[in-house]
Amino acid sequence: MSTFRQRLIHLHGSTHLSWKQLRDIQQEDPTLLKIYQPSSYHLMKQLTIKKEKAEKLRFYLDDSDPVEYEKQLQSNKVMVVTKFDELYPKQLLELYDPPWVIYYRGNLELLKNSKQLAIVGTRTPTNRGVRAVACMVEELVRAQFTIISGLAEGIDACAHQQTISNKGHTIAVLGSGFDFPYPSSNKGLYSYMCRHQLVLSEYPPHHPPKKWTFPARNRIISGLARGVLVIEAKTRSGSLITADQALDQNRDVFAVPGPFDCEWSEGTNLLIQQGAKLTISAQDILEEWT
């Protein structure tokens, strides 16, 4: 007989249920047992989903087993923590929609550091942006900060790599499952961080990256952190989405200014105009938190 925890992980792995649908199921049946019994027709009515999706969900529930599914994750070296587990990061419980399940590889102990800073920015940084990351991270690691980012190309990868080079701790939040590490250009960095740092995702391993998964991922980057530092960003970018989510989550927002005629500085300069802390050295961050 499966446990509630195993059924939650199994249901989450179906990818046919939205966050809200899973919430509604859990509120109606705290044991998560009833969902395994109805026909696809009843699933269609209960969850207000189309027939095709209901049939796919019914097939998934019939074709796989919660206990075996958990064993499969473990055999693939994918660890799991649910919203109801003691190890679940408490700061994510402050979100409107905290992930039901977090999948991870690496050292979950890194989440315990209270000094967590997210660093995000453009995927195509200038030399100035790369230097800014290097200077900031060196001081922040010395001050025992854990650096969080999204393992994307550009500023994200620089933040992870500089933290590792300075013998610090860094956490990557994926916008896909572990079977689809993205982008492929950072596969080496991804593999290293799975072994020596921490990589996590709210998506089951078999969930590929989608256009919408990255903005959703950003709320976890900001949610885990005490604040977000933006280094080079255009006015329409994922980095500004992360900054907006940080503000919604009552996190601090820091931004490195840039030349007025540089496209990559438009977003950071706008954030400063809107009240983000103008940041030209790590000391500007440290003085806010001491």
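A residue counts as buried when its relative accessible area is under 20%. The legends below apply that term to a predicted model.

**Figure 1. Close-up of Cys262, a buried cysteine.** The relative accessible area of Cys262 is 16%, so this residue falls in the buried class. The closest cysteine sulfur to that of Cys262 belongs to Cys158. The two sulfur atoms are 15 Å apart, which is too far for a bond. A disulfide requires cysteine sulfur atoms within 2.5 Å.

**Figure 2. Close-up of Cys158, a cysteine outside any disulfide.** A search of the whole structure finds zero disulfides. Cys158 accordingly takes part in none, and the nearest cysteine sulfur, in Cys135, lies 12 Å away. Cys158 is buried, with a relative accessible area of 16%.

**Figure 3. Close-up of Asn218 within helix 9.** Helix 9 covers residues 213-224, and Asn218 is placed in this helix. With a relative accessible area of 6%, Asn218 is buried. When neighbours within four places in sequence are set aside, the residues in contact with Asn218 are Gly238, Ile241, Thr242 and Gln245. With one of these, Thr242, the side chain of Asn218 makes a polar contact through the partner's side chain, at 3.3 Å. Leu61 is 157 residues from Asn218 along the chain, and the C-alpha atoms of the two residues are separated by 30 Å.

**Figure 4. Close-up of the salt bridge between Asp97 and Arg219.** Side chains of opposite charge can pair when their charged atoms come close. In the pair formed by Asp97 and Arg219, the closest N and O atoms are 3.0 Å apart. Asp97 is located in the loop between strand 1 (79-82) and strand 2 (101-106), whereas Arg219 belongs to helix 9, so the salt bridge ties together parts that are 122 residues apart in sequence. Asp97 is partly exposed, with a relative accessible area of 22%. Arg219 is buried, at 8%.

**Figure 5. Close-up of the salt bridge between Lys20 and Asp24 in helix 2.** The side chains of Asp24 and Lys20 meet at 3.2 Å, N to O. Helix 2 spans residues 19-28, and the two residues are separated by about one helical turn because they stand four residues apart in this helix. Asp24 counts as partly exposed at 30% relative accessibility. Lys20 also counts as partly exposed, at 47%.

**Figure 6. Close-up of the salt bridge between Glu138 and Arg142 in helix 6.** The closest N and O atoms of Glu138 and Arg142 are 3.3 Å apart. Both residues lie in helix 6 (residues 127-142), with a spacing of four residues, about one turn of the helix. Glu138 is partly exposed at 39% relative accessibility, whereas Arg142 is exposed at 59%. Elsewhere, salt bridges that share partners join Arg5, Glu70 and Asp85 into one network. The structure holds 16 salt bridges.

**Figure 7. View of residues 80-289, a span annotated in UniProt.** An unreviewed UniProt entry lists this span as "domain: Smf/DprA SLOG". The C-alpha atoms at the ends of residues 80-289 lie 32 Å apart. Helix makes up 35% of the span and strand 19%.

Notes: Residues are numbered from 1 along each chain as its sequence is written. This is a predicted model: local features need pLDDT of at least 70, side-chain atom pairs count only at pLDDT 80 or more; totals for chains, interfaces and linings use all residues. Side-chain values use heavy atoms; hydrogens and water are left out. Buried means under 20% relative accessible area, exposed over 50%, partly exposed in between (1.4 Å probe, protein chains only). Contact means heavy atoms within 4.5 Å. A polar contact is a pair of N or O atoms within 3.5 Å; within protein, one must be able to donate a hydrogen and the other to accept it, and residues adjacent in sequence count only if both atoms are side-chain atoms. UniProt positions are given in the numbering used here, feature names are shortened, and annotations may be inferred rather than shown by experiment. A salt bridge is a side-chain nitrogen of Lys or Arg within 4 Å of a carboxyl oxygen of Asp or Glu.
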